[in-house]
Amino acid sequence: MRAITLAVRLSFVLGVGLVAIRAADDDRPPEARYDTSGKATRDGIGKRYFGREIAHFMGHQGAGWLERPEREQEERTDLLLKELALRPGEHVADIGAGSGYFSWRMAKIVGETGRVYATDIQQEMLDILMRQMRKHGADKIVQPILGTVQDSGLPAASVDTIILVDVYHELDFPYEMTRSMIAALKPGGRLVLVEYRGEDPAVPIKPLHKMTAAQVKKELAVQPVTFERNIATLPRQHILIFRKNAP
Ligand SMILES: C[S@@+](CC[C@H](N)C(=O)[O-])C[C@H]1O[C@@H](n2cnc3c(N)ncnc32)[C@H](O)[C@@H]1O
């Protein structure tokens, strides 16, 4: 009987110890930790971050949708590029670049003295992307990078602007991935998140693939960036601009 009591006590102490070690190892603020206790919904991965269920990422089979001819009119992608106000010579990272819809267009703006890092987690997307870059004569300026779900794969402090168009809501590890992106920004660099407006029921996109500005700001508040502005000129998306804090 005594042996059983001792064993129970020991396992309790060890259990508590393990929980304590795990908490001490976790450098995320408590509110930024993942909740995997709920069920996955149809479009989500069953993992929640600040109460938001993370969406499944778009497979490379969806590349045709990204390149649809009506996209420019529907989303005013021309206006988005204008609002970014990229300069010749700028170093830009197109995270979750997909088929490269924005990569070659940004390459035309930053020119030969600039650079566009186009990252994705699917090699198939990068293969499609590089075919597009060659077709548009942008393959000398655009450099493909195969990242992981937690690491952008970008060199440290190397880029002026990071842009994610329709990507942030599908990051499997938003905390780690955002950390990694911010590490790749030069001091004072910009992090730009373009997301379908979750506040607007008229935007014809599945709910998990939209985000409200308030939710994005809440998630980014635990990162070393400062919210600068929300450009609200696009028909369907927010353009949310954050700036890297001084060290
Ligand atoms: C909806 S597509 C958007 C593609 C492109 N930004 C555009 O607007 O045309 C999202 C892309 O993000 C990629 N993605 C998802 N998680 C990623 C991550 N952690 N790092 C890099 N790419 C990621 C997916 O593989 C997919 O190609």
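Select helix α7 to begin: Pro174, Tyr175, Met177, Thr178, Met181 and Ala184 are buried there. Keep in mind that the structure on screen is a predicted model. Now show what lies over these residues: the cover of the buried part of α7 includes β1, β3, β6, β7 and α8. Several of these elements are stops on this tour.

**The whole chain**

Zoom out and colour by secondary structure. The protein chain has eight helices and 10 strands. It holds 247 residues, and 36% of them are buried. Take the contacts between residues at least 6 apart in sequence: 65% of these join residues at least 24 apart.

**Helix α8**

Select residues 213-220, which form helix α8. Which residues of this helix are buried? They are Val216, Glu219 and Leu220. Look down the axis of α8: these residues cover an arc of only 95°, so they sit on the same side of the helix. Next, display their surroundings. The buried residues of α8 pack against β1, α7 (174-184), β7 (185-197), β8 (210-211), β9 and β10.

**Strand β6 and its partners**

Select residues 159-165, strand β6. Six of its seven residues are buried, and therefore the strand is largely enclosed by the rest of the structure. Add β3 to the selection. β3 and β6 run parallel and are joined by three bridges. Within this pair, Asp94 is found opposite Ile163 of β6.

Now add β7. β6 and β7 also pair in the parallel sense, over six bridges. Here Leu164 stands opposite Leu193 of β7. While the strands are on screen, a general point may help: side chains in a regular strand alternate between the two faces of the sheet.

Stay in β6 and pick Val165, which belongs to this strand. Is Val165 buried or exposed? It counts as buried because it has 22 C-beta neighbours inside 10 Å, and the cut-off for buried is 20 or more. Apart from its neighbours within four places in sequence, Val165 is in contact with Phe102 and Val194. Draw a distance between the C-alpha atoms of Val165 and Phe102: the viewer should give 8.6 Å, although the two are 63 residues apart along the chain.

**The ligand**

Val165 leads to the next stop. Select the ligand and the 22 residues around it; Phe57, Gly96, Gly98, Tyr101 and Val165 come nearest. Colour this shell by residue type, and it divides into 14 nonpolar, five polar and three charged residues. Two elements to highlight are α5 (101-110) and β4 (115-120), each of which supplies at least two residues of the shell.

**The nonpolar core**

Hide the ligand and show the largest nonpolar core, which has 50 residues. Which of them touch the most other members? Val116, Ile162 and Val192 do. α5 gives the most to this core, with six residues. Centre the view on Val192. Not counting residues up to four places away in sequence, Val192 touches Leu84, Thr161, Ile162, Ile163, Ile239 and Ile241.

**The hairpin of β1 and β2**

Select β1 (44-49) and β2 (52-55). These strands run antiparallel and are joined by three bridges. Arg48 stands opposite Glu53 of β2. Two residues lie between the strands of this hairpin, where Phe50 takes a positive phi near 50°. Most residues other than glycine have a negative phi. Phe50 counts as partly exposed because 17 C-beta neighbours lie inside 10 Å.

**Two more loops**

Select Ala85, in the loop between α4 (77-84) and β3 (91-95). Its phi is also positive, near 50°, and Ala85 is not glycine. Ala85 counts as exposed because it has 10 C-beta neighbours inside 10 Å, and the cut-off for exposed is 12 or fewer.

Finish at Ala232, in the loop between β9 (225-231) and β10 (237-244). Is Ala232 buried or exposed? Ala232 is exposed, because it has 11 other C-beta atoms within 10 Å. Select Arg197 as well and draw one last distance: Ala232 and Arg197 are 9.8 Å apart, C-alpha to C-alpha, and 35 residues apart in sequence.

Note on methods:
Residues numbered from 1 in each chain as written. Predicted model: local features only at pLDDT ≥ 70, side-chain atom pairs only at ≥ 80, totals over all residues. Helix = DSSP H or I, 4+ residues; strand = E, 2+ residues; numbered from the N terminus. Near = placed C-beta within 6 Å. Nonpolar A, V, L, I, M, F, W, Y, C, P; charged D, E, K, R; others polar. Core = buried A, V, L, I, M, F, W, Y, C linked by C-beta atoms within 7 Å. Contact = placed C-beta atoms within 7 Å. Arc of directions from axis to C-beta. Pairing = 2+ DSSP bridges.
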